[in-house]
Amino acid sequence: MQPQALPGFRDFYPTDLALREHIFRTWRRVAARYGFEEYDGPPLEPLELYTAKSGEEIVGQLYSFTDRGGREVSLRPEMTPTLARMVAARANGLRKPIRWFSIPQLFRYERQQRGRLREHFQLNCDLIGEPGHLADAEIVALAIDAVRAFGLGPEDVRVRLSDRRLLTALLQNLGVAETQVPVVWQVFDKLRRTPEEITAAKLSGAGIPGATVERLLGLARSRSWSDLPGLGPGLDAALARGEPLRRTLESLEAMGYGDYLDLDLGIVRGLAYYTGTVFELFDARGELRAICGGGRYDNLLQSLGGVDLPALGFGMGDVVLGELLRERGLVPEPGSSIDVFLAAITPDDLPHVLGLARELRDAGLRVEYALAPQAVGKQLKLADARSARLAVVVGPDDRARGEVMVKDLRGKAQESVARSAVRERLTSAVGRVG
Ligand code: HAM
């Protein structure tokens, strides 16, 4: 039997890793533009960090076990509890608002399906210490820029926003009993993946009267703030609870991101700790799972570390984003792995190739040569296969004149260059600084 990677775990061959690095580099660049600093935490945490705060869905997917010291531990399924713990532990010494990002690998024992694996990397950006709507707008803008930087526009990606405070107030206003609220949240969370009749049947099944079910479906269909008052009389008090969301949307429009935004009261989010704004990013065709999810969690630091600090942020996974980039042809062409290939004409030339390789590598160039004796033609074929930009051919006649032959493998030109000038010539041709 050939040993294989576990289901839901990826091998990253060099071309896969090149895409992953492209994603990480782009994310880091965008986070830096917003003044975010990078942090990290341990991949293994005490189990209770998640059982206390993350909510049933994630807790049911933990990679947890008892370690040799008898501790109940878990691989991290998400970063937010670690972040909350780290910030709470040093809250007094940190300048607010805290703007931190991280790119952890996370582990969830999920049913494997398209866009959902058992490990993934996730850009986490969180803003801590600021309760106002401009912080919400800042975090959503950063999430949009973190996809926009790959060349994805509003025709590729949609941001769906809601607010748990608003939804709770609207449900109260519609007379949904407190005991029925969790059912409505669950049903709303699955709205997009469920035909409307089934949603209606589930709501009726929870004992909600027909007229209220109709109004709830109306809420679920609303796509902009201006749709809401049309849902019926008496909603003013409830809409007042949505003021932070309205102002967040307004600020995002002022920033020029209006094209990406949809109000969507069906965005509830599975995690237990969210208290206000919640949002997710999806591919615009609605074919893939969520690319990103986040929201405000104003009580988590208090409950984990006794520090009263408002907070919000998002997690953006590499799996669905990678699928979308592949689908849209936005994966960069793989670059070549070397700059210069060195070829020896005779065995006597080999020591000169070795010395030159050392000199050029010290100068920062990426250099390769054949590791077994081969005809020059074969060596140059390998140079082509590696997409080398330049080749240097070292032969007895050129050497006798104190020269080597430099070939431009793209333009096919070649010239003799004094051995003493080779390093200078090649570094300026390649433009690489060591
Ligand atoms: P989440 O919605 O559980 O939120 O995950 C965020 C994103 O991570 C998802 O939208 C998806 O792209 C990716 N993701 C999640 N699970 C998987 C999986 N099994 N396979 C592939 N990708 C996955 C959180 O984790 C929150 N802690 C985010 C947050 C940060 N909220 C505030 N700050």
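Start with the two domains of this predicted model: select domain 1 (14-327) and domain 2 (340-430) and colour them separately. The C-alpha centres of domain 1 and domain 2 lie 54 Å apart.

Next, select the ligand and the residues around it. The shell holds 26 residues, of which Glu78, Thr80, Glu110, Asp126 and Tyr274 come nearest. By class, the shell residues divide into 10 nonpolar, 10 polar and 6 charged.

Now show the polar contacts of the ligand, one at a time. At Glu110, pick the side chain: one of its polar atoms is 2.7 Å from a nitrogen atom of the ligand. At Cys292, turn to the backbone, where an N or O atom lies 3.2 Å from a ligand oxygen atom. Gly317 also takes part through its backbone, with an N or O atom 3.4 Å from an oxygen atom of the ligand. For the cover over the ligand, switch on the surface: the ligand taken alone exposes 660 Å², and the protein buries 96% of that.

Switch to cartoon and select strand E7 (119-128), strand E11 (292-296) and strand E12 (311-317); these are the elements that give two or more residues to the shell around the ligand.

Stay on strand E11 and select Arg296, which lies in that strand. Is Arg296 buried or exposed? Arg296 counts as buried because its relative accessibility is 1%, and the cut-off for buried is under 20%. To see what its side chain meets, add Gly132: the backbone oxygen of Gly132 lies 3.4 Å from a polar atom of the Arg296 side chain.

Definitions and conventions:
Residues are numbered from 1 along each chain as its sequence is written. This is a predicted model: local features need pLDDT of at least 70, side-chain atom pairs count only at pLDDT 80 or more; totals for chains, interfaces and linings use all residues. Side-chain values use heavy atoms; hydrogens and water are left out. A residue is near a molecule or strand if one of its heavy atoms lies within 4 Å of it. A polar contact is a pair of N or O atoms within 3.5 Å; within protein, one must be able to donate a hydrogen and the other to accept it, and residues adjacent in sequence count only if both atoms are side-chain atoms. Accessible areas come from the Shrake-Rupley method with a 1.4 Å probe; for residues, only the protein chains shown count as cover. Helices (H or I, at least four residues) and strands (E, at least two) are DSSP runs, numbered from the N terminus. Ala, Val, Leu, Ile, Met, Phe, Trp, Tyr, Cys and Pro count as nonpolar, Asp, Glu, Lys and Arg as charged, and the others, Gly among them, as polar. Domain bounds come from an automatic or database domain assignment. Buried means under 20% relative accessible area, exposed over 50%, partly exposed in between (1.4 Å probe, protein chains only).
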